[in-house]
Every structure is written in structure tokens, then in C-alpha cells.
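Thanks for coming. I'll walk through one chain today, starting with a pocket and ending with two backbone oddities.

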Amino acid sequence: MAQTGRNEPCPCGSGKKYKKCCLEQEQSVAPFSAAGVSAELQQAMAEHEFNSLEEVNDFANRFMGHRNQKPFDDFHGLSPEQMHFVLNRPFYSPQLVTFPEKLESMPDAPILSLLTLLVEGIGDKGLKPTAKGNLPRKFCQEAALAYWDDKTYQHYTRYGNVNKEEDFFELHVARVVAELAGLIRKYKGRFILSRECRNLLSGDGLQAIYPRLLKVYAEQFNWGYRDGYDEAPFIQRAFLFSLYLLNLYGDDWRPASFYEDNFLQAFPAVLDEIIHHPDFPPDWEFRSCYTLRTLVNFADFMGLAKVERVDGEKQYIVSHRVKKLPLLKLALCWNHEPGAFTEKF
């Protein structure tokens, strides 16, 4: 296969140059440095005799092909080749994982509870947006009372009532994601349910709507919008690897640091995306961002895992524990057994 030049269009179809797209990601997930791979290849070649350049090239191609298909401990049973699909084609790699278009049973997730409130509020007549184009205040207040329990409501309104959509930020996120998914839209000055949304609701309902929301939240919605951390787009791009870890280890409660550690072990270069705070360890900012962005705001919000806050001995130390939920198995069907590739070169 011909190698793509650095300045050529990326083969993924993004429209960017290869060096500014998949090449960066491929380099960031390389389990060893280029120098290390070269040394490994040279060592393997030293054990063989070659009679022509063609034999050398054939050996090198077979060696690298085998190496890219070999499971790596840092990837928890995934090979570099599989990791390429995890990062670059998460929803289009059926040999690795499939995302059913319709779930086998009714899903339960915070985002679905909020979507249900939106659907009920919009109804047949629609909702008139504010001058800034947001959901009306009265609806946001009623939705907050319906969604939060008394204790949670008092916590979020202790400094002021829900006066605008952003004061109930989870609802705001659900509305944005629903619009990106084509479920709600603005028409003649009102929020309305799209025709496709109505068809889905009258058919398979939330069982067909959830897969659409999951795909949009994972690929289109900007995770950094929900927090104040650096952009760090790789955390979102590697969402499927995080779900892979949850699928493997999420049967029992584990500290969030377990998933932080394993993500960093697989992708140490992610630290380069985040500005380091001079008063904290180099990985401190990443760990806080990863837990909030991936575990709390994604896995928990989408109903794939339960994330609980665990207060430390000191008030300023906050940690979390994580456990997967049944929806994870419904929404993702893995067609891969870790370590299944055992052939030796």
C-alpha cells in the first residue's frame, strides 16, 4: 500500500493535510517510539539471511504487519491496528464493535430523562424561545423541579433560582445535543419536534433515539464546552477506548484514578495537549479533566456508567468511583476478545 505523504490530503476524508490529521493521532498512540520500532526490526532482521532487497522488504512488511496486529499490554488486549479503528472509525468498525441502531430494551439515562421533559414541554404547540434563542425561563424552572430531587434542587439554587437555560446546564446540553441530532429545531419562532423525531417516538421510541444521541454526543458535541479545562480534543477522540476499559473492568466499583492511569498508560502524549499548572504534578490537570469530561459528563450522563463522588479526608480533595451500567452492553456490542491474537512471528 502506498504511503500517504505528510502534505497530501488525509485518507480519512477530513479535508485536512495528513500531517495535521491522522498522522498526529497515529504518532500519539504509537506504543513505542520510531527509534524503538526500528531497533526491534533490525534485531529481528539480524536473525535471518537475505539474498535480495526484495526479500528484505518482504520481511519488513510482514514484520510490521504482524506487529500491528499483536495485542499490546498498554492497550489491554487491543493491537495498534485495532486502536487505529478505535480512534479514527469508532462507529464504522464492525469487526471490532457495533452500535445497534435500536436497543433491545428500554434505556435509562439522564440525557433521556431530559429529552423526555423537552418532548413533553414542546408538545404539539412548540415552545417560544427567549430573545437569545434559549428555552423559556418558566419551562426551565419546571424542568429543574421535575428532574432534580429536593436536595439537589436546593444545592443548585442556593445562590439563585433557575432564571435561564444555562442555570440548568444539563438541560442546556440535552437541548444542544438534541438539535445536533435533528430531533428538535426552530421553526417560525418556536422550538418544535422534527418530523423524524415524531416518527421515532411513534415507532421504536427511546430505543431508537438513544443510539442517535450517543453518536452525536461522542462525535459532534464539543465535550470541552461543559468544563473550563483546555480543549484537549484527544480525550474525546479516544472515547471508545474509555468505554472499552469500562466494559473490561467496570463490573466492580473502581476509583476514577484507575481509568485515568490506564488512559495515560496507553496515551502518554495526551499530556502535551494540556497546560500544566506549576503548583501541581504534570498529570494533575489531565486527571481532573478526564474524570469530569469522560466519566461524569459522558459515561454517567449517557447512562453507561454510575459515577459517585467520594469526599476525601480534606475538604478540597474530591475523588470519584465508577461502575458500569447495563446500558453499556446494550449500546455497544464488542466483537473482540482481549489477547485473542496469539500467533508468533
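Before the pocket, one term: helices and strands here are DSSP runs, H or I of at least four residues for a helix and E of at least two for a strand, numbered from the N terminus. What you are looking at is a predicted model. On that count, the protein chain has 15 helices and seven strands. Of its 345 residues, buried ones make up 42%. As for contacts between residues at least 6 apart in sequence, 64% of them join residues at least 24 apart.

Now the pocket. I mean the second largest one, with a volume of about 1,600 Å³. Its lining has 44 residues, and the closest to the centre are Y156, V296, V307, R309 and H320. Which helix gives the largest share of that lining? It is α14, with eight residues. Helix α14 spans 284-300. Other elements supply at least two residues each, including the helices α5 (110-122), α7 (150-156), α8 (169-180) and α13 (256-266), and the strands β5 (305-311) and β6 (318-324). By character, the lining divides into 21 nonpolar, 10 polar and 13 charged residues.

Two of those lining elements, β5 and β6, take us to the sheet. It is an open sheet of three strands in the order β4-β6-β5, with antiparallel pairing. β4, residues 254-255, and β5 are at the edges, and each has a single partner strand, so one side of each is left without a neighbour in the sheet. Between β5 and β6 there are seven bridges, in the antiparallel sense. To give one example, V310 has S319 in β6 as its bridge partner.

Helix α13 also supplies part of the pocket lining, and here is its buried side. The buried residues in α13 are A256, Y259, E260, N262, F263, L264 and A266. What do they pack against? They pack against the helices α11 (233-237), α12 and α14, and against the strands β4 and β6.

On the α12 side, have a look at S242. This serine lies in α12, which covers residues 239-249. Its relative accessible area is 2%, so S242 is buried. Leaving out residues up to four places away in sequence, S242 touches F263, Y290 and T294. F263 is one of the buried residues of α13.

Next, the core. As background, in soluble globular proteins nonpolar side chains tend to be buried together. In this model the largest nonpolar core has 91 residues, and the members touching the most other members are Y210, L213, F241, M302, L304 and L332. The element that gives the most to this core is helix α10, residues 206-219, with nine residues.

L304 is a useful member to follow. Setting aside neighbours within four places in sequence, its contacts are Y210, L214, L243, F298, A299, K324, L325, L327, L328 and A331. Y210, one of those contacts, is also listed with L304 among the core members that touch the most others.

Last, the backbone. Most residues other than glycine have a negative phi. Two residues in this model are worth showing against that background.

The first one I'll show is H76. This histidine has a positive phi of about 55°. H76 lies in the loop between α3 (53-69) and α4 (80-88). Is H76 buried or exposed? At 15% relative accessibility, H76 counts as buried, because the cut-off for buried is under 20%.

The other is K188, with a positive phi near 50°. K188 sits in the loop between β2 (184-187) and β3 (190-193). Those two strands form a hairpin with two residues between them. β2 and β3 run antiparallel and are joined by four bridges, and I184 has L193 in β3 as its bridge partner. K188 has 70% relative accessibility, so it counts as exposed.

To close, both residues have a positive phi, but H76 counts as buried, whereas K188 counts as exposed. That's the tour, and I'm happy to go back to any part of it.

How values were computed: Residues are numbered from 1 along each chain as its sequence is written. This is a predicted model: local features need pLDDT of at least 70, side-chain atom pairs count only at pLDDT 80 or more; totals for chains, interfaces and linings use all residues. Side-chain values use heavy atoms; hydrogens and water are left out. A nonpolar core is a set of buried Ala, Val, Leu, Ile, Met, Phe, Trp, Tyr and Cys residues joined through side-chain atoms within 4.5 Å. Buried means under 20% relative accessible area, exposed over 50%, partly exposed in between (1.4 Å probe, protein chains only). Contact means heavy atoms within 4.5 Å. On a 1 Å grid over the protein atoms alone, a cavity is a set of points where a 1.4 Å probe fits but cannot get out, and a pocket is an open set with protein on both sides within 12 Å along at least five of seven lines; lining residues have an atom within 4 Å of a point. Grid points are joined across faces, edges and corners, and a volume is the space filled by probe spheres set on the points. Ala, Val, Leu, Ile, Met, Phe, Trp, Tyr, Cys and Pro count as nonpolar, Asp, Glu, Lys and Arg as charged, and the others, Gly among them, as polar. Two strands pair if DSSP finds at least two bridges between them.
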